[in-house]
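Subject: Model handover

Hello,

Here is the structure for you to look over. My notes follow below it.

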Amino acid sequence: MKVTIKDSEILKTVNPDVIQAHLQATGWHETGRIYNDAGAIWRLKKDATPEYEILLPLQHNLGDYAERISDILKTLSAVENRDQVDILSEFITNYPNFTVLGVVMQIATPSLDKLSGEITLLGSIFEKLQEIKTELADHDYILAIKAYQERLPIRCTGDLVKEDSHFILKNPQKIQINNI
């Protein structure tokens, strides 16, 4: 079963530079610009298959930005024979106000001067288990330690950022243990 991504809030978080880098790396070629550089046309010709075309929006403020990103995911899914969720997870670099439910996998040694430290969660990001690092302090750090010791999942909200291939939850808040 192939999933189609239609959540406009998620699609609006995709940076066109990330898609452009992906297209360049996978053999696509930019063939033109439209509407005063509001969009770029990319084409791919593979062997005996028909030519594929993508219209990449270059400005987030376009009214149909999310729809164009959805179209790109659909085309790339067909060309690369991959699920749209898998492709989207590579494109997300910043997702504000993201809520994650995960298990604390690792707790770094706390800071010497205050009760804080980095923790690593294993949580679902777009239907795929990923490691997520975050920095917690005081009561939130104690909750993470308790969740780790008792193997209970925690829920928290923050700004999900992808740096290189690692996910980081910045500005974590609303930390709570989910008792099963």
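A term first: two strands count as paired if DSSP finds at least two bridges between them. Strands here are DSSP runs of at least two residues, numbered from the N terminus. Please keep in mind that this is a predicted model.

**The three-stranded sheet**

Take E1 and E2 to begin with. In E2, Ala40 is the bridge partner of Arg33. The two strands pair in the antiparallel sense, over five bridges. Four residues lie between them in the hairpin. There, Tyr35 takes a positive phi near 50 degrees.

E2 covers residues 39-44 and is also joined to E3. That pair runs antiparallel, with six bridges. Arg43 has Glu53 as its bridge partner in E3.

Put together, the three strands make an open sheet in the order E1-E2-E3, with antiparallel pairing. E1 (29-34) and E3 (52-57) are the edge strands, each pairing on one side only. From one strand to the next, the twist averages 25 degrees.

Is E2 enclosed or open? Five of its six residues are buried, so E2 is largely enclosed by the rest of the structure. The cut-off for buried is under 20% relative accessible area.

**Helices on that sheet**

Two helices lie across E2 and E3. One is H2, residues 16-25, which runs at about 155 degrees to E3. Another is H3, residues 65-80, running at about 150 degrees to E3.

H3 also meets H4, which spans residues 84-91. Their axes come within 9 Å and cross at roughly 115 degrees. That makes H3 roughly perpendicular to H4, because angles of 65 to 115 degrees count as such. The crossing of H3 past H4 is right-handed.

Which residues make the contact? From H3 they are Leu73, Lys74, Leu76, Ser77 and Glu80. From H4 they are Gln84, Ile87, Leu88 and Phe91. By type, the residues of this contact divide into five nonpolar, two polar and two charged.

**The barrel**

Five strands form a closed barrel, running E4-E5-E6-E8-E7. The pairing in it is mixed. Neighbouring strands of this sheet are turned against each other by 50 degrees on average, direction ignored.

Here are some of the pairs:

- E4 with E7: antiparallel, joined by eight bridges. Leu101 has Arg155 as its bridge partner in E7.
- E4 with E5: antiparallel, over five bridges. Ile107 stands opposite Ile119 in E5.
- E6 (residues 128-137) with E8 (residues 166-177): parallel, over three bridges. Thr134 stands opposite Leu169 in E8.

One helix to look at here is H5, residues 138-150. H5 lies across E4 (94-107), E5 (116-125), E6, E7 (153-163) and E8. Relative to E4, H5 runs at about 50 degrees.

When you look at side chains on these strands, one general point helps. In a regular strand, side chains alternate between the two faces of the sheet.

**Where to start**

I would open the model at Arg33 and find Ala40, its partner in E2. Then move to Arg43 and Glu53 for the pairing of E2 with E3. From there, go to the contact of H3 with H4, with Leu73 and Phe91 among its residues. Finish in the barrel at Thr134 and Leu169, for the parallel pair of E6 and E8.

Best wishes

Note on methods. Residues are numbered from 1 along each chain as its sequence is written. This is a predicted model: local features need pLDDT of at least 70, side-chain atom pairs count only at pLDDT 80 or more; totals for chains, interfaces and linings use all residues. Side-chain values use heavy atoms; hydrogens and water are left out. Axes are lines fitted to C-alpha atoms, for helices over the stretch in contact, and angles run from 0 to 180 degrees between N-to-C directions. Contact means heavy atoms within 4.5 Å. Buried means under 20% relative accessible area, exposed over 50%, partly exposed in between (1.4 Å probe, protein chains only). Angles under 35 degrees count as roughly parallel, over 145 as roughly antiparallel, 65 to 115 as roughly perpendicular and the rest as oblique. A crossing is left-handed if the near helix is turned anticlockwise from the far one by less than a right angle, and right-handed if clockwise. Ala, Val, Leu, Ile, Met, Phe, Trp, Tyr, Cys and Pro count as nonpolar, Asp, Glu, Lys and Arg as charged, and the others, Gly among them, as polar.
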